[in-house]
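Me: I've got this model open, and people keep throwing labels at it. Please walk me through what each label rests on.

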Amino acid sequence: MNDILKKLMGMGGMTDQVIATDFLISAKAGVRNLAFAITEASTPKVRQVLREQLRHAVETHANISNYMIDKGMYYPSDLSEQLQTDLTITKTALELTD
């Protein structure tokens with residue numbers, strides 16, 4: 001979405017944040033699902049492959065988290081700041097539905 005459309009819709013830089021947040025949530029789910037799959041794997045070879053995928057998923061999650069922290073989109077160590085960020089996102093989303 002280009003900047004003009006974002007401004008018209010009142011989103012500003014929120015689109016990047018929404019995309020990054022969705023990616024972070026998906027990466028987190030991937031980590032959880034791979035960890036579960038490892039416990040259910042029936043052969044050592046399958047567990048080895050899943051462990052390697054888990055390592056990549058954790059690395060991806062860290063990269064996304066670091067990107068969001070660097071851009072001021074994510075505050076995992078500051079609950080009040082993260083709450084304010086989440087409230088801003090929620091308010092924007094609600095305004096878009098009006």
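Reply: Sure, one term to start with: a helix here is a DSSP run of H or I with at least four residues, and helices are numbered from the N terminus. The model is a predicted one. Just after helix 3, G72 takes a positive phi of about 75°.

Me: How many helices and strands are there in the protein?

Reply: You'll find four helices and zero strands. Reading along the sequence gives α-α-α-α.

Me: What makes the span of helix 3 close to what's expected?

Reply: The expected span is 1.5 Å times one less than the number of residues. Helix 3 has 27 residues, and the value expected is 39 Å. From its first C-alpha to its last, helix 3 reaches 39 Å, so the two fit.

Me: Where in the protein is confidence lowest, and where is it highest?

Reply: Helix 1 (residues 3–8) is lowest with a mean of 54, while helix 3 (residues 44–70) is highest at 97. Across the protein, pLDDT averages 87, and 85% of the residues score at least 70.

Me: Why is Q82 called buried?

Reply: Buried means under 20% relative accessible area. Q82 has 13%, so the label fits. Buried residues make up 23% of the 98 residues in the protein.

Me: Where is Q82, and what does its side chain reach?

Reply: Q82 is in helix 4 (residues 79–97). Its side chain reaches the backbone nitrogen of Y75 at 2.6 Å. A polar contact needs N or O atoms within 3.5 Å, and 2.6 Å is within that cut-off. Leaving aside neighbours within four places in sequence, Q82 is in contact with M73, Y74, Y75 and P76.

Me: What is Y74 in contact with, beyond its neighbours within four places in sequence?

Reply: Y74 is in contact with L24, K28, S65, M68, I69 and Q82.

Me: What makes a set of residues a nonpolar core, and which residues are in the largest one?

Reply: The members must be buried, come from a list of nonpolar types such as Ala, Leu and Tyr, and be joined through side-chain atoms within 4.5 Å. The largest core has seven residues: A20, L24, A27, I64, M68, M73 and Y74. Helix 2 (14–40) and helix 3 each supply at least two of them, and the largest share, three residues, comes from helix 2. Apart from this core lies another, of six residues, including L34, I38, A41 and L54.

Me: Which residues in helix 3 are buried?

Reply: They are L50, L54, A57, H61, I64, S65 and M68. In an α-helix, residues three or four places apart point the same way, because there are 3.6 residues a turn.

Definitions and conventions: Residues are numbered from 1 along each chain as its sequence is written. This is a predicted model: local features need pLDDT of at least 70, side-chain atom pairs count only at pLDDT 80 or more; totals for chains, interfaces and linings use all residues. Side-chain values use heavy atoms; hydrogens and water are left out. Buried means under 20% relative accessible area, exposed over 50%, partly exposed in between (1.4 Å probe, protein chains only). A polar contact is a pair of N or O atoms within 3.5 Å; within protein, one must be able to donate a hydrogen and the other to accept it, and residues adjacent in sequence count only if both atoms are side-chain atoms. Contact means heavy atoms within 4.5 Å. pLDDT is the predictor's confidence in each residue, from 0 to 100.
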